[in-house]
Amino acid sequence: MSGATKQKLFEATLELSKSRGLVGLTVDDIAAAAGVAKGTVYYNFGSKDGLVDALLRYGVDMLAGRLRAAVSDADPLAVIEAQVDTTLEFIAQYPGFSQILVSELWRTPGQWHGTLSLLREEIISIVKEQLTRLESAGRLPAGVEIPTAAAGLFGTMLVVALDWQVFGAHRTRAEVRDAVMVLIRGLGRR
């Protein structure tokens, strides 16, 4: 399946899930909204669950790629700031993706919980790298557990981005990024 077709399916699923959630979607709905044949969806993914699983992976891969692209040899706080900005930009582009992640990650038991757990770990590992750099430079307070801090930072980025889209659309991305960085700078001493 071409990347363009996968992108269409991703965007159609996100758009439709805003009003119905993932559970309320059908392959017919998704295929029609994406402008592809229902048979194409079944041929490539086997079922709606297979499609949603693949699209969750696709979305996280896109976000992870953007987060990795923000990594540099710059100060780790500057890299984290770039990653926060990148996350906000991604969620502004795909607000439905943040809604799906938040709702499905913490739904118990969630239909896609296994996939999302693996994908969550992928994103958190990218965040951990910068926190580890801060720790190596002696810039984290004693007792900060990097895995917990990384999960907290990921959760903060995700929920703040969603909150911005739903309740604070009047704010600029830079304002939201700067507000998140106030919290993070409290964690990583200079």
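Visitor: How far apart do the end C-alpha atoms of residues 26-45 lie, and what are the helix and strand percentages of the span?

Guide: Bearing in mind that this is a predicted model, the end C-alpha atoms of residues 26-45 lie 13 Å apart, and the span is 80% helix and 0% strand. The UniProt record, in an unreviewed entry, places the feature "DNA-binding region" at residues 26-45, an annotation that may be inferred rather than shown by experiment.

Visitor: Turning to the interior, which residues have the most contacts inside the largest nonpolar core?

Guide: As a general idea, nonpolar side chains in soluble globular proteins tend to be buried together. Here the largest nonpolar core has 59 residues, and those with the most contacts inside it are Leu9 and Phe97. Helix H4, spanning residues 48-69, gives the most to this core, with 11 residues.

Visitor: Is Phe97 buried or exposed, and which residues does Phe97 touch?

Guide: Buried means under 20% relative accessible area, so Phe97, at 1% relative accessibility, counts as buried. Leaving aside residues up to four places away in sequence, Phe97 touches Phe10, Leu14, Leu56, Gly59, Val60 and Phe90.

Visitor: How many aromatic pairs does a search of the whole structure find, and how should their geometry be read?

Guide: The search finds five aromatic pairs. In one of them, the ring centres of Phe90 and Tyr94 are 5.1 Å apart with the planes at 55°, so this pair is tilted, whereas Phe90 and Phe97 form an edge-to-face pair, at 5.6 Å centre to centre and 85° between the planes. Both Phe90 and Tyr94 are buried, and one aromatic cluster is formed by Phe10, Tyr58, Phe90, Tyr94 and Phe97.

Technical notes
Residues are numbered from 1 along each chain as its sequence is written. This is a predicted model: local features need pLDDT of at least 70, side-chain atom pairs count only at pLDDT 80 or more; totals for chains, interfaces and linings use all residues. Side-chain values use heavy atoms; hydrogens and water are left out. A nonpolar core is a set of buried Ala, Val, Leu, Ile, Met, Phe, Trp, Tyr and Cys residues joined through side-chain atoms within 4.5 Å. Buried means under 20% relative accessible area, exposed over 50%, partly exposed in between (1.4 Å probe, protein chains only). Helices (H or I, at least four residues) and strands (E, at least two) are DSSP runs, numbered from the N terminus. Contact means heavy atoms within 4.5 Å. Rings of Phe, Tyr and Trp (its six-membered ring) pair if their centres lie within 6.5 Å; planes under 30 degrees apart count as stacked, over 60 as edge-to-face and the rest as tilted.
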